[in-house]
Amino acid sequence: MRQFISVDDVVDIEALVDRALDFKKNPWQLPELGRRRRIGCLFLNPSMRTRLSTQVAAQQLGMECLVFNVGTEGWALEIEDEAIMSGNTVEHVRDAAPVMARYFDILAIRTFPKLQNRDDDYSELLIRQFIRFSGIPVVSLESATLHPLQSLTDLVTIRESVASDTGLSNRKPRIVLTWAPHIKPLPQCVANSFAQWVNRWGGADFVITHPEDYELDERFTRGATVTHDQQEALRDADFVYVKNWSTYRDYGKIYCNDPDWMLTHEKLAQTRSAKVMHCLPVRRNVELSDEVLDGPHSIVTRQASNRVWAAQAVLAQILENIGRP
Ligand code: CP
């Protein structure tokens, strides 16, 4: 694997999931693979799980990990080509990225969309410019439109749950991605990425449910059943993935914010005792009720803990591709 920006960088999803589960069984199996290798994790936006799990994963491969909170501690970066830098930006990515490439063997980057201009956000210019000007492997720690490490984790979590559920041995699991209310407009990244990975994986009966106006980009959802009827979607579900996102068509807005879309214990009665997932952080009693989060259906803590194994599998593949120093 040369880089990890989306599912398109993965040759074999099943093999990558297997590798993550293997690291879960034996985290220290390759303590030398990352020896004398260094990863620089650049954060333009906040993070808890992504930041810590990537650090832990790198350490378990014997790799050094440096975190740089560019968004709060670094120079304001310019990313547009031929920019006349007479405004607030101080340093061009064209100058910064090659320097970082001298310090690190892998760069990992988190950036959020601005949610003001859809074409700008969906162009993924920042991460593309880092790939272009660093010349070293780049890992997305969540970009403007996708969150591939989260999605790999989600498939790892689903696969390990399926393996331990005898009721799922001879049929595909029914996976439902349901929109949830929120107090502010959030990116579509997690939903886009989850849809992209589940569709590419092909191992599920996949349903997406949301209120009208929250249609996602069809490039990611194609292959899934999409419905505005949450009750119908939840029927016989094995997994319910809860996530808010803002509008894609009339970009970055909140239209309906009906609290009835919150997943409750009562709604789970029509599922096949579904396991409930969320990428976290979660707004309790807005997106998901306390009752669900603290009850037996919730697997959100295990899901978040699996972030380590997904990151470790990805870093191992990239390190193997780079070779020894
Ligand atoms: N799920 C996730 O990416 O969490 P953080 O924002 O805390 O990294």
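Select L280 and the ligand: a backbone N or O atom of L280 lies 2.9 Å from a nitrogen atom of the ligand, a polar contact in the sense of a pair of N or O atoms within 3.5 Å (within protein, one must be able to donate a hydrogen and the other to accept it, and residues adjacent in sequence count only if both atoms are side-chain atoms). The model is predicted, so local features need pLDDT of at least 70 and side-chain atom pairs count only at pLDDT 80 or more, while totals for chains, interfaces and linings use all residues. Residues are numbered from 1 along each chain as its sequence is written, and side-chain values use heavy atoms, with hydrogens and water left out.

Add C279, where a backbone N or O atom lies 3.0 Å from a nitrogen atom of the ligand. Then add T50, which places a polar side-chain atom 2.6 Å from an oxygen atom of the ligand. Of the 260 Å² of accessible area that the ligand has on its own, the protein covers 93% (Shrake-Rupley method, 1.4 Å probe; for residues, only the protein chains shown count as cover).

Now show the whole shell: S47, M48, R49, T50, R110, H147, Q150, C279, L280 and R307 surround the ligand, a residue being near if one of its heavy atoms lies within 4 Å. By class, the shell has three nonpolar, four polar and three charged residues (Ala, Val, Leu, Ile, Met, Phe, Trp, Tyr, Cys and Pro count as nonpolar, Asp, Glu, Lys and Arg as charged, the others, Gly among them, as polar).

Colour by domain, with bounds from an automatic or database domain assignment. The ligand lies between domain 1 (7–146 + 307–322) and domain 2 (150–304), because both give residues to the shell around it.

Stay with L280 and select P281 as well. The peptide bond joining L280 and P281 is cis, with omega about 0°. P281 sits in the loop between strand 11 (275–277) and helix 11 (290–293); helices (H or I, at least four residues) and strands (E, at least two) are DSSP runs, numbered from the N terminus.

Strand 11 leads to an open sheet of five strands in the order 9-8-7-10-11, with parallel pairing; two strands pair if DSSP finds at least two bridges between them. Strand 9 (225–227) and strand 11 stand at the edges with a single partner strand each, so one side of each has no neighbour in the sheet. Select strand 7 (residues 174–179) and strand 10 (residues 239–243), which run parallel and are joined by five bridges. Here V176 stands opposite V240 in strand 10.

Next, select strand 1 (residues 38–43) and strand 5 (residues 106–110), parallel and joined by five bridges. G40 stands opposite L107 in strand 5. Both strands belong to an open sheet of four strands in the order 2-1-5-6, again with parallel pairing.

Finish at E124, in the loop between helix 5 (118–123) and helix 6 (125–134). E124 is not a glycine, yet has a positive phi of about 55°.
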